[in-house]
Amino acid sequence: MQKDEFSDVCTCETCLLDIASYSLNRLPTGYVASHQGEILIRIREFETQLKVDAISTITEAIKTVSQNPRH
Ligand SMILES: [Zn+2]
């Protein structure tokens with residue numbers, strides 16, 4: 001992914017949780033965390049560690065949330 005593409009994406013907790021929820025609904029259950037704090041940690045792990053399919057899912061999530069922020 002290109003960094004510039006996400007330079008204006010909001011990274012507040014609301015948007016991060018929306019991105020997490022969107023992603024986790026589409027990823028295998030092994031990625032799902034039950035607590036919000038864990039989800040936020042996992043989002044940060046996603047940025048550097050996850051496989052291509054997860055990255056593409058998260059990329060889609062970021063695009064979707066950033067186009068329709070809840071605030
Ligand atoms: Zn936000």
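Donors are N, O and S atoms within 2.8 Å of the metal. In this predicted model, the zinc ion has Cys10, Cys12, Cys15 and His71 as its coordinating residues. A search of the whole structure also finds one salt bridge, which pairs Asp18 with Arg70, and zero disulfides.

**Zinc site**

- Cys10, Cys12 and Cys15 each coordinate the zinc ion through SG, while His71 does so through NE2.
- The coordination distances run from 2.1 to 2.3 Å.
- The angles subtended by the four donor atoms are 93 to 121°, which makes the arrangement around the zinc ion tetrahedral; four donors count as tetrahedral if all angles lie between 85 and 135 degrees.
- Along the sequence, the donor residues follow the spacing C-x1-C-x2-C-x55-H.
- Cys15 is buried, with a relative accessible area of 2%.
- Cys10 is partly exposed at 30% relative accessible area, and Cys12 is partly exposed at 28%.

**Salt bridge**

- In the salt bridge between Asp18 and Arg70, the closest N and O atoms are 2.7 Å apart.
- Asp18 belongs to helix H1 (residues 13-26) and Arg70 to the segment after helix H3 (52-67), so the pair ties together parts that are 52 residues apart in sequence.
- Asp18 has a relative accessibility of 15% and counts as buried, because buried means under 20% relative accessible area.
- Arg70 has a relative accessible area of 61% and is exposed, because the exposed class covers values over 50%.

**Helix H1**

- Helix H1 has 14 residues.
- From its first C-alpha to its last, H1 reaches 20 Å, close to the 20 Å expected at 1.5 Å a residue.
- The buried residues of H1 are Cys15, Leu16, Leu17, Asp18, Ile19, Ala20, Tyr22, Ser23 and Leu24.
- Among these buried residues of H1, Cys15 is a zinc donor residue and Asp18 is a salt-bridge partner.

**Thr57 in helix H3**

- Thr57 lies in helix H3.
- Thr57 is buried, and its relative accessible area is 13%.
- Apart from neighbours within four places in sequence, Thr57 is in contact with Tyr22, Ser23, Arg26 and Leu27.
- Tyr22 and Ser23, two of the residues in contact with Thr57, are listed among the buried residues of H1.

How values were computed. Residues numbered from 1 in each chain as written. Predicted model: local features only at pLDDT ≥ 70, side-chain atom pairs only at ≥ 80, totals over all residues. Heavy atoms only, no water. Salt bridge = Lys/Arg side-chain N within 4 Å of Asp/Glu carboxyl O. Helix = DSSP H or I, 4+ residues; strand = E, 2+ residues; numbered from the N terminus. Buried < 20%, exposed > 50% of the residue type's maximum accessible area, 1.4 Å probe, protein only. Expected span 1.5 Å × (residues − 1). Donors = N, O, S within 2.8 Å, 3.2 Å for Na, K, Ca; no water. Tetrahedral: all angles 85-135°; square planar, octahedral: opposite > 155°, others 65-115°. Contact = heavy atoms within 4.5 Å. Disulfide = S-S within 2.5 Å.
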